[in-house]
Amino acid sequence: MVAVFALDKSRNCVFLNANAELLTGVPHAHAAGRPFHEVAWRNNPISFDETGLARAIASGQGGEGEETFRFSADHGPQPCAFRVTPMNLGDGATIIELVDLGGETATSRALRESESG
């Protein structure tokens, strides 16, 4: 499952796809205009600013990595791969893709890592 978020220059959500709604439990109508971390990082025990994902967003250069999310207080931690892509359109927009790795097998992980490396 690939969850996609589009952020404006202030890092507020302007779009999220159906997978992002499903993963976060936040519908687009409630996410629009809210900071990304309030939508996707709201139940995590550590500060969003301490994550590689936050650094990738803040850098303006993008990046890739993995973070463990807690999308709701009712569910356990979910490992996700992330990709941050700045949109060089002059408006500061950023695309974030999250891939849920919760059901990933060792074989599929090795394949994914070999393809990205």
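**Exercise 1. Cysteines**

Task: Classify Cys80 as buried or exposed in this predicted model, classify Cys13 likewise, and state how many disulfides the structure holds.

Solution.
- Step 1. The relative accessibility of Cys80 is 0%. Buried means under 20%, so Cys80 counts as buried.
- Step 2. Cys13 has a relative accessible area of 1%, so Cys13 is buried.
- Step 3. A disulfide requires a pair of cysteine sulfur atoms within 2.5 Å. The structure holds zero disulfides.

**Exercise 2. Two asparagines in loops**

Task: Locate Asn12 and Asn44 in the chain, then give the burial and the contacts of Asn12 and of Asn44.

Solution.
- Step 1. Asn12 belongs to the loop that runs between strand S1 (2-7) and strand S2 (13-16).
- Step 2. Its relative accessibility is 17%, so Asn12 counts as buried.
- Step 3. With residues up to four places away in sequence not counted, Asn12 touches Ala6, Leu7, Gly33, Arg34, Pro35 and Phe36.
- Step 4. Asn44 sits in the loop between helix H3 (36-40) and helix H4 (52-59).
- Step 5. Asn44 has a relative accessible area of 14% and is therefore buried.
- Step 6. Apart from neighbours within four places in sequence, Asn44 is in contact with Thr68, Phe69 and Arg70.
- Step 7. A polar atom of the Asn44 side chain lies 3.4 Å from the backbone oxygen of Trp41.

**Exercise 3. Salt bridges**

Task: State how many salt bridges a search of the whole structure finds, and give the closest N and O distance for Glu38 with Arg34, for Arg83 with Glu64 and for Arg83 with Glu97.

Solution.
- Step 1. The search of the whole structure finds three salt bridges. Side chains of opposite charge can pair when their charged atoms come close.
- Step 2. Glu38 and Arg34 form a salt bridge with their closest N and O atoms 3.7 Å apart. Glu38 is partly exposed at 35% relative accessibility, and Arg34 is partly exposed at 28%.
- Step 3. In the salt bridge of Arg83 with Glu64, the closest N and O atoms are 2.9 Å apart. Arg83 lies in strand S4 (residues 78-86) and Glu64 in strand S3 (residues 63-69), so the pair ties together parts that are 19 residues apart in sequence.
- Step 4. For Arg83 with Glu97, the corresponding distance is 3.6 Å. This pair links distant parts of the chain, with Arg83 in strand S4 and Glu97 in strand S5 (residues 94-100), 14 residues apart.
- Step 5. Arg83 is partly exposed at 39% relative accessibility, and Glu97 is partly exposed at 23%. Glu64 has a relative accessible area of 51%. Exposed means over 50%, so Glu64 is exposed.
- Step 6. Glu64, Arg83 and Glu97 are linked in a network of salt bridges.

**Exercise 4. The chain as a whole**

Task: Give the pattern of helices and strands along the sequence, the share of buried residues, the share of contacts between residues 24 or more positions apart, and the exposed area.

Solution.
- Step 1. The protein chain has five helices and five strands. Along the sequence, their pattern is β-β-α-α-α-α-β-β-β-α.
- Step 2. Of the 117 residues in the protein chain, 33% are buried.
- Step 3. Among contacts with a separation of 6 or more, 38% come from residues 24 or more positions apart.
- Step 4. The chain exposes about 6,500 Å², and carbon and sulfur atoms supply 53% of that area.

Terms used: Residues are numbered from 1 along each chain as its sequence is written. This is a predicted model: local features need pLDDT of at least 70, side-chain atom pairs count only at pLDDT 80 or more; totals for chains, interfaces and linings use all residues. Side-chain values use heavy atoms; hydrogens and water are left out. Helices (H or I, at least four residues) and strands (E, at least two) are DSSP runs, numbered from the N terminus. Buried means under 20% relative accessible area, exposed over 50%, partly exposed in between (1.4 Å probe, protein chains only). Contact means heavy atoms within 4.5 Å. A polar contact is a pair of N or O atoms within 3.5 Å; within protein, one must be able to donate a hydrogen and the other to accept it, and residues adjacent in sequence count only if both atoms are side-chain atoms. A salt bridge is a side-chain nitrogen of Lys or Arg within 4 Å of a carboxyl oxygen of Asp or Glu. Accessible areas come from the Shrake-Rupley method with a 1.4 Å probe; for residues, only the protein chains shown count as cover.
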